[in-house]
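Let's poke around this protein together, one question at a time. Have a look at the sequence and the structure first.

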Amino acid sequence: MMKKTVIVYASKHHGNTFKLIKAISDKYEIAIIDAMKETHVDLQKYDIVGFASGIDFGKFYLEIENFARENLPLQKEVFFLYTCAMDREGFTDSIKEIALEKDAVILGAYGCRGYNTYGPWKLIGGMNKSHPTENEIQECVNFYEKLLI
Ligand SMILES: Cc1cc2nc3c(=O)[nH]c(=O)nc-3n(C[C@H](O)[C@H](O)[C@H](O)COP(=O)(O)O)c2cc1C
């Protein structure tokens with residue numbers, strides 16, 4: 001039987017991260033939860049839980065971390081998606097730690113650049129204007145596809 005997936009997301013800067021999720025949900029039947037709107041949800045019926053977020057000072061948005069602490073059931077399969085200004089190591093460290101406290105099985109992570117107008121970048125029209133690109137979005141769908149095998 002096909003595993004049931006839910007992706008919990010927060011995409012509050014420019015909707016960059018949502019583009020990744022949208023592409024996955026266009027192809028696969030998954031549930032989507034906006035952690036900016038819903039804070040208490042029973043995830044027990046899902047086999048795989050994805051957490052997706054923009055990066056804020058080196059980690060997933062607080063709303064996602066709080067959601068995971070509050071709602072992630074024990075021993076789920078978990079993966080992470082993110083968009084960021086400049087990809088660096090460690091963006092998933094903090095959310096991963098929260099998942100591991102719940103005995104999660106970590107399936108992997110996909111991250112790419114996203115349009116950013118934070119701080120001084122705003123003055124020059126932002127950076128990564130075209131990101132996530134069609135290619136990056138496709139890579140993300142491919143990443144999700146491989147998790148299902
Ligand atoms: C307040 C703020 C802080 C940010 N901090 C970081 C950061 O530490 N590292 C990084 O690579 N990008 C950072 N960014 C850029 C965002 O992570 C990036 O634009 C992301 O694609 C936003 O995703 P969203 O549109 O889905 O919310 C920051 C953006 C904002 C608004």
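Q: Which residues gather in a patch of negative charge on the surface?
A: Keep in mind that this is a predicted model. Asp and Glu count as negative, so look for those letters on the outside. The ones that gather in the negative patch are D87, E89, D93, E97 and E101.

Q: Where is E101, and is it buried or exposed?
A: E101 sits in helix α3, which covers residues 93-101. Its relative accessibility is 58%, and because exposed means over 50%, E101 counts as exposed.

Q: Which loop holds Q75, and does Q75 count as buried or exposed?
A: Q75 is in the loop between α2 (62-71) and β5 (77-84). It has a positive phi of about 60°, although it is not a glycine. With a relative accessibility of 60%, Q75 counts as exposed.

Q: What is the phi of D103 near?
A: First find D103 in the loop between α3 and β6. At 45% relative accessibility, D103 counts as partly exposed. D103 is a residue other than glycine, yet its phi is positive, near 55°.

Q: Where is P132 found, and what is the peptide bond from H131 to P132: cis or trans?
A: Go to the loop between β6 (105-113) and α4 (134-147), and there you'll find P132. Now check the bond leading into P132 from H131: omega is near 0°, and the peptide bond is cis.

Terms used: Residues are numbered from 1 along each chain as its sequence is written. This is a predicted model: local features need pLDDT of at least 70, side-chain atom pairs count only at pLDDT 80 or more; totals for chains, interfaces and linings use all residues. Side-chain values use heavy atoms; hydrogens and water are left out. Patches are made of residues with over 30% relative accessible area and no salt bridge: like charges are joined within 9 Å, nonpolar side chains (Val, Leu, Ile, Met, Phe, Trp, Tyr) within 5 Å. Accessible areas come from the Shrake-Rupley method with a 1.4 Å probe; for residues, only the protein chains shown count as cover. A salt bridge is a side-chain nitrogen of Lys or Arg within 4 Å of a carboxyl oxygen of Asp or Glu. The place of a charge is taken as NZ of Lys, CZ of Arg, CG of Asp or CD of Glu. Helices (H or I, at least four residues) and strands (E, at least two) are DSSP runs, numbered from the N terminus. Buried means under 20% relative accessible area, exposed over 50%, partly exposed in between (1.4 Å probe, protein chains only).
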